[in-house]
Amino acid sequence: MPNKKKTLLRIALYLILAYVPVYILCFAFSDKEGSLTSVLAGNTLMLYPAIAVIITRIVTREGLHNSFLGFGKRNSGKYYALAVLYPIALPYVSALLLHLFVVKNGSITDSAALSDGTSAVAMLLLSIATGFATAVHGFGEELGWRGYLTPKLEELMPAPAAVIVTGIIWALWHGPLLAYGYDFGRDYDFFPYGGFIAMIVMCIFWSAFLTWLTKRTNSVYPAALCHMLIDTVLTSNLMPFTYNANGDKFELRTNDFWGQIISVFPMIIVAGAVSMVLMWRKKSSGENKKALS
Amino acid sequence: MTGLLYKLIRTNWVKILLFFLGSMFYPFMFALIFRSDDMKDDLTSGISIMLWAFMAFMVFLIGGVCEDSIFNDDERKKWAYFVASTPTGIKGQIGAKYLFTLCYSMLTVTALILCCGFARDGSSELADGSVIFIGFFYIQLTMRAIEFPLMARFGSKIGKSLKIIIIGIAAFIFFAYMLFGDTSAFADMDTFFDRLLAALADENKVKRMTLWFSIITLAVIPIYYLSYRLAVKWYLKGVESYAK
């Protein structure tokens, strides 16, 4: 019991340190349109979870125990490869779904991306290069969420529940940005509550996938790389599929918010669900072996 | 490998910290100056881009010195043979140094982006230098990818000299081209800028240039990995040339 109390206190301290600076900066520098008026504030947001972990570990004298800072087990290469391939596949699968179910006029071949292949390939390569070079920002978040919060929550609840709770906390951490329409815009019903629900769903499934990467490699770096690549690759490479070759936006059967959900969410949900099953299966088989022995 | 990386950071942390803070001193001071009211009227976007490029060059140059000195920090025969006999082996020994260089360069990019953000908060006229910083990040990795295998094979002194010779040969080829090749584009600055602007106005040319630029940029990552493999292969041969 005292251990649980200690864990709860550590989680509380971490969450205060991760949430407070982000909420203060996002409200203080918000342009009320979804962006921030301060470039520096915007650039530092992703680093606060890592700073919170460092301070929490110093204050609680935990040291570097279970910090996932190593470069992983042997044969982790395939998970690093997956951490790169998943963000690259995401915009293209999303574009396919967008044109199958959401776009009203024109086909995927009419899109700006496919009619100008040179620019599309250049954009993809540059966004990967940018994501790789700025991976420290991804590390900033992943060290906090996957490297600290999820393992701590696992001490209090079953692993799937810990992943879900991490996802919810992670989504709400983006609260001030969502409230002003950063991720999903402002043009949808039940703004901003619909955006909060969408973000929670997205973060739960991403949390599952990133936690799976972290657990399989025993390292936070694949998740950090994957996170940063998602941030740099997804939007910049999906956007050209929403315009035709003349630069006009395709007409959609829904508004942008639902368009985003129908096109981008399926792959996120599938990857998250598969990761959850894989994590659960591994854990159950491990427990069975333990029971048999 | 993680253990060796920890050892590397633990034994050199003062040097790493001083190098990092020292290299970031100029960008930070520049950012402070950029924010001052006196400078706001004089700074155009173009000038600020050039200044960011200059600062990034300086920061990565100083960072390169740190990365080099870390690479040859444990050039001792006894240590080299000992580490080669451990389960982590040469791969871990060399891998830790390559990873350190990668992480240090990534941190430099992040610090420069933060500095740039700090400056831009003071003056909206300033350009975003992120693309330049990222470009220098890949140049830094390329330089280390050339240098490290040479340092592993021939020891730090000869390795560095060889790198200078390679750069010297490249510079010689460039000068020879400037003397005897087609230099009509550089006849005078007007001609040069006319051609540059004409090239930028040609949409297809810009697209092709961007594609090549992106391919070359991303190619640095596999080159860096291949360089690591080469350094691992050459490490024990290089140990023989160590003085101690």
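**Notes on a two-chain predicted model**

1. A good place to begin is chain B, where the axes of helix H3 (residues 45–71) and helix H5 (residues 89–122) come within 10 Å and cross at roughly 155°. Axes here are lines fitted to C-alpha atoms, for helices over the stretch in contact, with angles from 0 to 180 degrees between N-to-C directions. H3(B) and H5(B) are therefore roughly antiparallel to each other (angles over 145 degrees count as such).

2. Before going on, please note that this is a predicted model, in which local features need pLDDT of at least 70, side-chain atom pairs count only at pLDDT 80 or more, and totals for chains, interfaces and linings use all residues. Residues are numbered from 1 along each chain as its sequence is written, and chains are lettered from A in the order in which they are written.

3. Back in chain B, residues of H3(B), including B:Trp52, B:Phe60 and B:Phe71, meet residues of H5(B), among them B:Phe100, B:Tyr104 and B:Leu112. Contact means C-beta atoms, placed from the backbone, within 7 Å. By class, this contact of H3(B) with H5(B) has eleven nonpolar, four polar and two charged residues.

4. Turning to where the chains touch, the contact takes 22 residues from chain A and 25 residues from chain B. H6(A) gives the most to chain A's side, with eleven residues. That side has 13 nonpolar, nine polar and no charged residues.

5. Finally, look at H3(A), residues 48–60: its 13 residues should span 18 Å at 1.5 Å a residue, and the end C-alpha atoms are 18 Å apart, which agrees. Just after H3(A), A:Arg61 takes a positive phi of about 55°.

Notes. Helix = DSSP H or I, 4+ residues; strand = E, 2+ residues; numbered from the N terminus. Expected span 1.5 Å × (residues − 1). Contact = placed C-beta atoms within 7 Å. Nonpolar A, V, L, I, M, F, W, Y, C, P; charged D, E, K, R; others polar. Parallel < 35°, antiparallel > 145°, perpendicular 65-115°, else oblique.
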